[in-house]
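These are my notebook entries from going through one model. I took a residue, then its surroundings, then the chain as a whole.

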Amino acid sequence: MMRYNCHSSFRRVNIISYHNKKDIDQAPSSAPLHVSIANTTLKIATFNLFNYLEPPNAFYEFERIYSAEQWAKKQKWVTKYLHEFQPDIIGFQEVFSADSLKELVAGQGYAYFAVIDQPDVIDDFIYRSPVVAIASRYPIVEVAAVKTNTELAQALGLANNFSYSRKVIRATVELPHMGKCDCYVVHFKSKRPMIEIDETNKNWSPEKNIIESLKANVAGGWGSTIQRGSESTLLMIDMIERRETTGNPMVLMGDFNNTLSDGVLSHLLTNTLRFVSGIDRDAYLAKYCLNDAWDLFQTAVNNEKSEVSEVDLEIKNLSSREEQIVRTPTHYFGSSSSVLDYILLSCEFDASYHDSLYQVSAYHTYDRHLINPIFDRDGESTDHGIVLVTLTLRS
């Protein structure tokens, strides 16, 4: 299928800087210019912190409080990841103690940090409903909570007071070579059933208990699915409208609590339209669509393979590269595993488009603490893998 430029008004900006203008002015016209390009790579990560709450506060229940030793261990684990992998922008989920997190990331060189919500506190020190946050090495020039489109929600048959289970951050970050980029951090509704019953009801027989639990699980699970799918739909509409207004590139990252392939969230990757002129569709549609960073990484690798075959490099180098094309799960539950954490990108990061500025040159899921945990090292880590994408400036 023919690929069109994703946005005709986007232009490369000032990506080449000269070491010494005087040397350039005096250099012979036939002499090659010595140039350098600063900040050629950009790293973005999504990081579920798993109950990030500073003691002596408790998360969800009275007895769930980190000891001073456990909290120090958790802080050290987070710090070590940041130090080792050096992401430039990080979307965090499950944040209870935002001030503590802000201080931690500032110590790692993240001068910009934002939250737009706060957790619920009950009984003075028991916390629930954690929030999302974002940290960046580059300036965050605007921050907002994505508002619920109540009119659209009602049109979809949702309640008049429908809202996101966790508020969504939109942070506009000033990126090198690209300028303003809208970064969204989400933590969509979990699969935990929305309906709960009292399983200790002594008036119920064992069979009645099972029946009521089954009904609550079926109905409550579907309720959570509706909530999660509705959140992603309303967010996508808001992103399209924002894109239409500003033209800013888009990054959507977070814990989706769902795979993108099972239909509930698949519309986040919509890239086709029925009953629309093919010319108009191909010329404009890609501007408003998102791409899974994993897919873009594979596209970049395939492009690299094509280039490699032209210059006839050694086959063993190709094989080494191909072995990396295996997607790692980000969450494990019993004997099953799935990818729940994603980074989605607009066409400015798609190597298939001529006007793209960056391409996904690496995709990494940090999961050592999940598949080979060592208690002294990973005892207070997280129950999710951490997804990190590396974006490289296109020449």
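**Entry 1: Thr172**

Is Thr172 buried or exposed? I looked up its relative accessible area and found 1%, so Thr172 counts as buried. I note here that the model is a predicted one.

I placed Thr172 in strand 11. I then listed its contacts, setting aside neighbours within four places in sequence. Thr172 touches Pro139, Ile140, Val141 and Glu142, then Lys180, Cys181 and Asp182, and also Arg242 and Asn248. I also checked one distance: the C-alpha atom of Thr172 is 9.2 Å from that of Met250, and the two residues are 78 apart along the chain.

**Entry 2: strands 11 and 12, and two cysteines**

Strand 11 covers residues 169-175 and strand 12 covers residues 179-187. I found seven bridges between them, in the antiparallel sense. One bridge joins Ala171 to Cys183 of strand 12.

How many disulfides does the structure hold? I counted zero. Cys181 is in none, and the nearest cysteine sulfur to its own is that of Cys183, 4.3 Å away. Cys183 is likewise in no disulfide, and its nearest cysteine sulfur is that of Cys181. The cut-off for a disulfide is 2.5 Å between sulfur atoms, so a separation of 4.3 Å does not qualify. Cys181 has 0% relative accessibility and counts as buried. Cys183 is buried too, with a relative accessible area of 0%.

**Entry 3: the sheet**

Next I traced the sheet these strands belong to. Six strands make an open sheet in the order 10-11-12-13-17-14, with mixed pairing. Strand 10 (140-145) and strand 14 are at the edges; each has a single partner strand, so one side of each has no neighbour in the sheet.

**Entry 4: strand 17**

Which strands pair with strand 17? Strand 13 (residues 250-255) does so in the antiparallel sense over five bridges, and strand 14 (residues 291-292) does so in the antiparallel sense over two bridges. I noted one residue opposite on each side: Gly254 faces Tyr342, and Asp292 faces Leu344.

I then checked burial along strand 17. Five of the five residues in 341-345 are buried, so the strand is largely enclosed by the rest of the structure. Both faces are covered, with Asp341, Ile343 and Leu345 buried on one side. Tyr342 and Leu344 are buried on the other.

**Entry 5: helix 3**

Helix 3 runs over residues 98-106, and I listed its buried residues as Ala98, Ser100, Leu101, Leu104 and Val105. Why do I say they line one face of the helix? Viewed down the helix axis they fall within an arc of 160°, so they line one face. An α-helix has 3.6 residues a turn, so residues three or four places apart point the same way. Asp99 and Glu103 are exposed, on the face of helix 3 turned away from the buried side.

What do the buried residues of helix 3 pack against? I found strand 3 (41-52), helix 2 (68-85), strand 5 (89-95), strand 6 (112-115) and strand 9 (131-136).

**Entry 6: the largest pocket**

I looked up the largest pocket and its volume is about 1100 Å³. It is lined by 29 residues, and the closest to its centre are Arg166, Ser190, Lys191, Arg192 and Asn257. The elements giving two or more residues to this lining are strand 3, strand 15 (331-333) and strand 16 (336-338).

**Entry 7: the cavity**

How many cavities of 30 Å³ or more does the structure hold? I found one. The volume of the largest cavity is about 80 Å³. Its lining is made of Trp77, Lys80, Tyr81, Glu84, Tyr366, Arg368, Arg377 and Asp378. Helix 2 and helix 10 (375-378) each supply at least two of the lining residues. The largest share, four residues, is from helix 2.

**Entry 8: the whole chain**

Last, I took the overall counts. The protein chain has 10 helices and 19 strands. It has 395 residues, and 45% of them count as buried. Of the contacts between residues at least 6 apart in sequence, 74% join residues at least 24 apart.

Note on methods. Residues numbered from 1 in each chain as written. Predicted model: local features only at pLDDT ≥ 70, side-chain atom pairs only at ≥ 80, totals over all residues. Heavy atoms only, no water. Buried < 20%, exposed > 50% of the residue type's maximum accessible area, 1.4 Å probe, protein only. Pairing = 2+ DSSP bridges. Arc of directions from axis to C-beta. Contact = heavy atoms within 4.5 Å. 1 Å grid on protein atoms, 1.4 Å probe; cavity = no way out; pocket = protein on both sides within 12 Å on 5 of 7 lines; lining within 4 Å. Points joined across faces, edges and corners; volume = space filled by probe spheres on them.
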